[in-house]
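Got the viewer open and a selection box ready? Here is a short walk through this model, one stop at a time.

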Amino acid sequence: MNAAIIDMILNKRTEIDELWSEEIADYKTTTSTITPYMREQLNKEFLSLLFNHISQGDISADGTLERFFDKVLRANMPLEYLTQGLQCFRRIVLEIITEEDIQKNAAFEIYREVDRWMDPILNSVVENSSRLWERTVSIQKSALLELSAPLIPVFQHISVMPLIGTIDTERAKLIMENLLEGVIQYRSQVVLIDITGVPVVDTMVAHHIIQAADAVRLLGSTCILVGIRPEIAQTIVSLGIDLSLFPTKSTLQKGMAKALEVTNQQIVNEK
Amino acid sequence: MDIQSCVEVCNEWDIVSARQLGRNMAKELGFGNVDQARITTAISELARNIYLYAGSGKICLEPVEQMGRKGLRIIAVDNGPGIRDIRKVMEDGYTTSGGLGAGLPGVKRLMDEFTIDSTIDSGTEILATKWLR
């Protein structure tokens, strides 16, 4: 890197510092609840990091940059804070340098040089945050799959599958698999599917439930649909979905009573 | 009142966000529990149709007012292949995808007003309105 340019920038450090701090202070955020003091510290660290980048070489390679990003994102500051800070810094540096009396060629050279410093940082900002984002999404996706559809054996020959949350195609497949495997594994004669936690029952969800119940029937067991809320009952009727093929109950409790009856079991109080 | 909120529908999770938007708007307008469920179910059906048959499109929701009545209108627009025989898709049990075939006739029953407009190879637009009682 051109030592003359570095010197020029470092000589103007206080000036750049002032302008940059002024501009970045204008940047308002609604997502973060960071205190003004912490905010100032963050700004200072950001700026000194940028100066280090200029005077000591690339910071995007050795991890200092990553650590700073983590800190910023943990403070709930948006990505714009970083990109705007960088853009603002680039602009100020260029403005200040070109204020000096220099040749057109030299100015062009300086532009290129500044771009060459700033671009790796910008790139790694974008790369880092998108990687972080991807990781979050994939973690949440697998977390969602984990709480997907457990089949719980409750009494002899009776199992319950509580469904909670939105049912999409992937979950529907999982529900079917877990249901059928569980029925065989636990030798269930009756399976209660509880849809109390399913927010919307549309034709697709109903279709998947019907298919699952049908498959359970083929295995020789009975499926009872429980946890149908009044408003869900109304929408199912309006949609014209026929659920008469298998028994339904309003609550898990009633379904359990029915299941005990079907399997010839009784819960008795011991005196 | 012409504040319109739109949700682009390109994958299954967009159906969920369209639905949530619908539920929030219905709640704000003062719809009861049952009507909220009706509206969200209708949005779910329409959004799923977009996802299944057109690939992508959008669901727009707007509060409407007519002759002193307030309501919520769902506008489902796509640029998909269009519907060949509208009378047939409005029949119960007609399906081209192995589903229950209750979607569109179901939406018509769930909502108070329902219009469908479709052109082959250029897309479908469905308007469905629910009035506040």
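Start with helix H4 of chain B and pick out its buried residues: B:Gly103, B:Leu104, B:Pro105, B:Gly106, B:Val107 and B:Leu110. That makes H4(B) mostly covered, with 6 of its 8 residues buried. Keep in mind as you click around that this is a predicted model.

What do those residues pack against? Show helix H8 (203–218) and helix H9 (230–239) of chain A, then add H2, helix H3 (86–89), strand S4 (113–119) and strand S5 (123–131) of chain B: the buried residues of H4(B) pack against these elements of both chains.

**The interface**

Now widen the selection to the contacts between the chains. You should have 21 residues of chain B in contact with 17 residues of chain A. On the chain B side, helix H1 (12–29), helix H2 (33–54) and helix H4 (103–110) each supply at least two residues. Which helix gives the most to that side? H2(B) does, with 9 residues. Colour the chain B side by class and you get 7 nonpolar, 7 polar and 7 charged residues.

**The cores**

Next, select A:Val191, A:Leu192, A:Ile193, B:Ala42, B:Leu46, B:Ala47 and B:Ile59, which have the most contacts inside the largest nonpolar core, a set of 65 residues. H2(B) turns up again here, with the largest share of this core at 8 residues. As background, nonpolar side chains tend to be buried together in soluble globular proteins.

Zoom in on A:Ile193. Skip its neighbours within four places in sequence, and its contacts are A:Met161, A:Leu163, A:Ile209, A:Cys223, A:Leu225 and A:Val226. There is also a second, separate core of 17 residues, and A:Phe46, A:Tyr81, A:Ile121 and A:Val125 are among them.

**Chain A, end to end**

Pull back and colour chain A by its domain assignment: domain 1 is 3–145 and domain 2 is 152–262. Their C-alpha centres lie 54 Å apart. Switch to pLDDT colouring and the mean for chain A is 82, with 93% of its residues at 70 or more. Among the elements of chain A, helix H1 (residues 3–11) has the lowest mean pLDDT, 74, while strand S4 (residues 222–226) has the highest, 93.

An unreviewed UniProt entry annotates residues 148–259 of chain A as "domain: STAS". That span is 46% helix and 23% strand, with its end C-alpha atoms 24 Å apart. For chain B, an unreviewed UniProt entry puts "domain: Histidine kinase/HSP90-like ATPase" on residues 34–133. Here the end C-alpha atoms lie 12 Å apart, and the span is 33% helix and 36% strand.

**Three residues to finish**

Select A:Glu177 in helix H7 (residues 169–185) of chain A. Buried or exposed? A:Glu177 is exposed, because just 12 other C-beta atoms lie within 10 Å, and 12 or fewer is the cut-off for that class. Draw a distance to A:Ala212: the two are 35 residues apart in sequence but 8.9 Å apart in space, C-alpha to C-alpha.

Then check some backbone torsions. Most residues other than glycine have a negative phi. A:His157 has a positive phi of about 70° although it is not a glycine. Look for A:His157 in the loop between strand S1 (152–155) and strand S2 (158–164) of chain A, where it is partly exposed, with 19 other C-beta atoms within 10 Å.

Last stop: A:Arg187, another non-glycine with a positive phi, about 50°. A:Arg187 sits in the loop between H7 and strand S3 (190–197) of chain A and is exposed, with 12 other C-beta atoms within 10 Å.

Notes
Residues numbered from 1 in each chain as written. Chains lettered and ligands numbered in written order. Predicted model: local features only at pLDDT ≥ 70, side-chain atom pairs only at ≥ 80, totals over all residues. Contact = placed C-beta atoms within 7 Å. Helix = DSSP H or I, 4+ residues; strand = E, 2+ residues; numbered from the N terminus. Nonpolar A, V, L, I, M, F, W, Y, C, P; charged D, E, K, R; others polar. pLDDT = per-residue confidence, 0-100. Core = buried A, V, L, I, M, F, W, Y, C linked by C-beta atoms within 7 Å. Buried ≥ 20, exposed ≤ 12 C-beta atoms within 10 Å, placed from the backbone. Domains from an automatic or database assignment. UniProt positions renumbered as here; feature names shortened; annotations may be inferred.
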